[in-house]
Amino acid sequence: MKKPILGTAAAILVVLAALAAYRVQSKGIESLNLWKSKFDVVIIGTELEGIYLAKQAHDAGLDVKILEPTDTIGGQLLQGEMLYLDETFDDQGKSLLQGSIQELFTDYYEGEIRKLSDFKKYFNRQIKGIPLEKNAQPISLQIVGRKVQSLTYTTKSGRTKTVEADYFVDNSDSAELVSLTGAEPLPGLESLYQATQREYMSATYMMKFRNVDWERFYGSFWELTKPERTTLYGPETYVDANIGYGFPPIVARYQLQNPDKANLRGLNILNQKDGQVIINALQVYDVDPNKPETIAAAMQVAKQEMPHIRDLLRKYIIGFENAELNGEPESLYVREYNHYPTEYILEASDLLGGVMFQDNVSVGGYFIDIQGSRSNREGFAIGKPDKYGIPLRSYLLKDVDNVILTGKMVGASYVAYGSARIQPNGALAAESIGLLLARNPGINLKQVTDAQFADFHAYMKEQHGIVLNPSPGNSKIVGMTPQDIEELNRGHITLLSNAAQARTLPFIRVFFDNQEVKFTAHRPVIIDGKTWSPADELLKAFGASYVRLDLDKREIVYQMPGSNEMKTISTSLNILNNRVLVNLREISEQFGYKATWDNLNRMINIYSNLESY
């Protein structure tokens, strides 16, 4: 019997089926998943932290899809080129890195991952096999009860698509998903500074240079005596074969081209090998991450500064004499966005108290570092925690039951955010949440019991070598009164390394012979009822042409114009943000000057001529 001849329509169907099968074999199952409309987890955005969640959930068998609202991937890591990685440590100097991000740091320190191309390869390995759709702009949510049932988005061609999921993850930093739920942002830095409009930490333009002699830079640094290094580069400045950080006296020499829009802070320098370096230091203000036009304007401001910063480095840092500009990043590194209410809001006292939570998904560390902003260009550090826990509740949106936040979307006060935002903290949390979802498909994360969490913590330790329930960290708030703790949480107190309390706010202004003294890295603070200010800038305001600081001897050596005599002051010293602080009144009196305090205006007036007083 002859086989029937297929009709034209049927033949076309056979060809299409064969083509589809070929695409699946050649491109992977993700090709078919692009046509699916129901997933276990849908992730919006491609910041690195949430990618760990996606990978763990996907590798464990969950259906995962990533929607990237823009036409690029990688967020701050790849587009902002924030390639200077910050590691987290406890008080004993032990690394707090755990989980998948350890691989990144290992390759980073070994020099295998240093340049943008290296980071792109690493990033692409993490998302391999996971369906990812770019130019997918969320436009609406269907919320039934307390759950997001579906997300509708538009494609680059203008087509509208809808996707359903058990869980939706906002991994965009810019709240591409959360903003559609109607959630209102938490207070930001405007509350700290009593500003009238929304305020964010400064964004950073990553500076790229070539023709740098790192061996000479590294070697010459350690050839200096300790007092020489302290004086030339700062008391906590450091350089090794891979990185360098600090250099506030160098930074203080720089004259900004756009002083109202930009600032050069301490240098975080990464050796990218082959004479190339990238530096995290050039801050730009007035960036509203919700307004792309402000980012574009800030990029132009930063580009205007770059040739002049190159010249500064050439002149004052050994090994940078022949440095040249080496291109520019695609975008800014934006370190702060709006914060949104989660089931638990971390406070500074949680971090500095070393608190561990029953529902820990991360063990964090790092300075509570509030970078400069419009109201306070210099910024300041609130204190250095030992180690602390970050609970699952700080990544669960308050009023919706199936929206997870990642990375810089963490639920933290504007003060605690200074530390909680650091990448290793958020990476471990996201990875833990991905594994929790995979271990308990369909679970309501807001209803996980203590017993279930104890079981999960044991599983993480046994199967993944991740310890999420260590002993509490060393508390830095023991003995503080409830009022002091409240002030700490508001950002009005800084805890120094010697356990002393420095009251940073409200700010203090200093005038010498009726001219205001400008402090470039840290403003004066109150410690034990006395005013302390950066030593080098105060003495230079007094007219000193040479200043050398010796921390071990607790001495300041200086020289005044028109004199060949080197004078020495023995005095009390403190260190804050890599600057040596001196007691302002004590130093003034050693110079024979008179200092007076204006409590109403929080001003100090110093007079060199007592008859003018």
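Is the crossing of helix 5 and helix 6 right-handed or left-handed? Hold that thought for a moment, everyone. What you see above is a predicted model, where local features need pLDDT of at least 70, side-chain atom pairs count only at pLDDT 80 or more, and totals for chains, interfaces and linings use all residues. Residues are numbered from 1 along each chain as its sequence is written, and side-chain values use heavy atoms, with hydrogens and water left out.

Now to the helices. Helices (H or I, at least four residues) and strands (E, at least two) are DSSP runs, numbered from the N terminus. The crossing of helix 5 and helix 6 is right-handed; that word applies if the near helix is turned clockwise from the far one by less than a right angle, and left-handed if anticlockwise. Helix 5 covers residues 101-109 and helix 6 residues 116-127, and they pack at about 160° with their axes 12 Å apart. Axes here are lines fitted to C-alpha atoms, for helices over the stretch in contact, and angles run from 0 to 180 degrees between N-to-C directions. The two helices are therefore roughly antiparallel, a label for angles over 145 degrees.

Which residues of helix 5 meet helix 6? They are Glu 103, Leu 104, Asp 107 and Tyr 108, and they meet Phe 119, Tyr 122 and Arg 125, with contact meaning heavy atoms within 4.5 Å. By class, this contact has four nonpolar, no polar and three charged residues. Nonpolar covers Ala, Val, Leu, Ile, Met, Phe, Trp, Tyr, Cys and Pro, charged covers Asp, Glu, Lys and Arg, and the others, Gly among them, are polar.

Helix 6 also meets helix 3 (residues 48-59): their axes come within 9 Å and cross at roughly 35°. Helix 3 brings Leu 48, Ile 51, Tyr 52 and Lys 55, while helix 6 brings Tyr 122, Phe 123, Arg 125, Gln 126 and Ile 127. Here the classes are six nonpolar, one polar and two charged.

On to charges. Side chains of opposite charge can pair when their charged atoms come close. Calling a salt bridge a side-chain nitrogen of Lys or Arg within 4 Å of a carboxyl oxygen of Asp or Glu, the count comes to 34. One of them joins Lys 208 to Glu 81, with the closest N and O atoms 3.2 Å apart. Lys 208 sits in strand 7 (residues 203-210) and Glu 81 in the loop between helix 4 (75-78) and helix 5, so the pair ties together parts 127 residues apart in sequence.

Finally, the sheets. Strands 24, 25 and 26 form an open, antiparallel sheet in that order; two strands pair if DSSP finds at least two bridges between them. Strand 24 (546-550) and strand 26 (566-570) are the edges, each with a single partner, so one side of each has no neighbour in the sheet. Strand 25 (residues 555-559) pairs with strand 26 over five bridges, and Val 557 has Thr 568 as its bridge partner. Strand 24 and strand 25 are also joined by five bridges, with Leu 549 opposite Ile 556. Their hairpin has four residues between the strands, and Arg 554 takes a positive phi near 55° there.

Another open sheet has six strands in the order 18-19-22-23-28-27, again with antiparallel pairing. Its edges are strand 18 (493-495) and strand 27 (573-576), and the twist averages 40° from one strand to the next. Helix 16 (residues 482-490) lies across strand 18 and strand 19, at about 95° to strand 18. Thanks for listening!

How values were computed: Parallel < 35°, antiparallel > 145°, perpendicular 65-115°, else oblique.
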